[in-house]
Amino acid sequence: MPSPPSEQPQHDDQLALFGPPQRARIPAELWQSWLDDPAVVARFEAKRYRRSEQTCWIWAAGISSTGHGTFRAASLPGRSRRGTVPAHLFAYQLEHGVIPRLGWSGADDPCLCHRCDEAGCVNPAHLRLGTNAENRAEWARRHRNPHGPLADLRGAAGRARAVAAAIRAGITAGDTADQIERRIREAQTAGAPLTLW
Ligand SMILES: [Zn+2]
């Protein structure tokens with residue numbers, strides 16, 4: 001998702017999750033071990049709400065302050081944040097294989113951009129590799145669209161949390177897929193800016 005220039009670039013997501021000063025440089029072998037572990041993948045899929053191919057697949061669990069899903073890939077005892085990764089990084093690599101240095105800091109490192117501008121989306125078809133400069137340019141181009149996700153008055157995190165909560169509520173209530181779609185739409189439009197004319 002494009003983020004405002006004043007905010008932390010996307011590659012700092014993991015930094016935020018782990019807390020400074022430790023940088024979350026997850027080695028490719030560790031990513032691979034998670035992606036190869038059926039139990040880890042099953043836990044991931046249990047939190048990913050899949051819909052039709054073109055639509056956003058929503059992360060229906062924890063959301064970070066930047067609006068991205070958080071997934072504890074490592075099976076660690078206790079409430080440690082170690083081994084917790086941005087869910088969209090996991091989704092992309094689950095589809096395309098491990099991308100070396102993905103999520104590491106540094107100007108030349110790859111970052112993941114959301115084509116759909118929904119930070120909480122974990123549909124790999126909506127994610128593409130890019131640079132932080134591209135990410136900022138996309139944000140500058142798109143954030144003024146009053147109908148787009150970037151205009152949400154709740155911010156990316158508020159929006160993603162509201163949509164995730166709506167899905168969980170629908171599942172708990174035993175809703176049909178259509179009823180959950182309605183809940184998602186309502187949760188999304190609740191943050192739209194008022195149009196006066
Ligand atoms: Zn999406």
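**Burial, core and helix packing in the predicted model**

With 22 C-beta neighbours inside 10 Å, Asp-117 counts as buried, because the threshold for burial is 20 or more. Asp-117 belongs to the loop that runs between β5 and β6 (127–130). Its phi is positive, at about 65°, although Asp-117 is not a glycine. Most residues other than glycine have a negative phi. A second residue with a positive phi is Arg-101, where the angle is near 65° and the residue is again other than glycine. Arg-101 is placed in the loop between α4 and β5. Unlike the buried Asp-117, Arg-101 is partly exposed, with 16 other C-beta atoms within 10 Å. Gly-97, just after α4, also takes a positive phi, of about 90°.

The structure is a predicted model. The average pLDDT of the protein is 85, and 81% of the residues score at least 70. Over residues 5–23 the pLDDT stays under 50, and for this stretch the model has 41 contacts beyond four places in sequence. The protein contains seven helices and six strands. Their order along the sequence is α-α-α-β-β-β-β-α-β-β-α-α-α. Of the 197 residues in the protein, 37% are buried. Among contacts with a separation of 6 or more, 61% join residues 24 or more positions apart.

The largest nonpolar core comprises 38 residues. The members that touch the most other members are Ile-58, Trp-59, Ala-60, Phe-90, Val-163, Ala-164 and Ile-167. Two or more residues of this core come from each of α2 (28–35), α3 (38–47), β2 (58–59), α4 (87–96), β5 (111–114), α6 (155–172) and α7 (177–189). The greatest contribution is that of α6, which gives six residues. In soluble globular proteins, nonpolar side chains tend to be buried together. Within the core, Val-163 is one of the members with the most links to other members. Apart from its neighbours within four places in sequence, Val-163 is in contact with Ile-58, Gly-120, Ile-184, Ala-187 and Gln-188.

Helix α4, one of the contributors to the core, is largely enclosed by the rest of the structure, because seven of its ten residues are buried. These buried residues are Ala-87, His-88, Leu-89, Phe-90, Ala-91, Tyr-92 and Gln-93. Phe-90 is also among the core residues that touch the most other members.

Ala-87 of α4 has its C-alpha atom 9.5 Å from that of Lys-47, although the two positions lie 40 residues apart in chain numbering. Lys-47 is located in helix α3. It is partly exposed, with 18 other C-beta atoms within 10 Å. Not counting residues up to four places away in sequence, Lys-47 touches Trp-59, Ala-60, Ala-61 and Phe-71. Two of these partners, Trp-59 and Ala-60, are listed among the core members that touch the most others.

The axes of α6 and α7 come within 9 Å and cross at roughly 155°. The two helices are therefore roughly antiparallel to each other, since an angle over 145 degrees counts as such. The crossing in which α6 passes α7 is right-handed. On the α6 side the contact is made by Ala-162, Val-163, Ala-166, Ile-167, Ala-169 and Gly-170. On the α7 side the residues involved are Gln-179, Ile-180, Arg-183, Ile-184, Glu-186, Ala-187 and Gln-188. Val-163 and Ile-167 thus take part in this contact and are also among the core residues that touch the most other members. Gln-179, in helix α7, is exposed, with 12 other C-beta atoms within 10 Å. The C-alpha atoms of Gln-179 and Ile-167 are 9.7 Å apart, at a sequence separation of twelve residues.

Ala-74 is situated in the loop between β3 (70–72) and β4 (84–86). With 16 C-beta neighbours inside 10 Å, Ala-74 counts as partly exposed. Leaving out residues up to four places away in sequence, Ala-74 touches Arg-82 and Gly-83. Ala-74 and Leu-30 are 44 residues apart in sequence, and their C-alpha atoms are 9.3 Å apart in space.

Terms used. Residues are numbered from 1 along each chain as its sequence is written. This is a predicted model: local features need pLDDT of at least 70, side-chain atom pairs count only at pLDDT 80 or more; totals for chains, interfaces and linings use all residues. A nonpolar core is a set of buried Ala, Val, Leu, Ile, Met, Phe, Trp, Tyr and Cys residues joined through C-beta atoms within 7 Å. Helices (H or I, at least four residues) and strands (E, at least two) are DSSP runs, numbered from the N terminus. Two residues are in contact if their C-beta atoms, placed from the backbone, lie within 7 Å. pLDDT is the predictor's confidence in each residue, from 0 to 100. Axes are lines fitted to C-alpha atoms, for helices over the stretch in contact, and angles run from 0 to 180 degrees between N-to-C directions. Angles under 35 degrees count as roughly parallel, over 145 as roughly antiparallel, 65 to 115 as roughly perpendicular and the rest as oblique. A crossing is left-handed if the near helix is turned anticlockwise from the far one by less than a right angle, and right-handed if clockwise.
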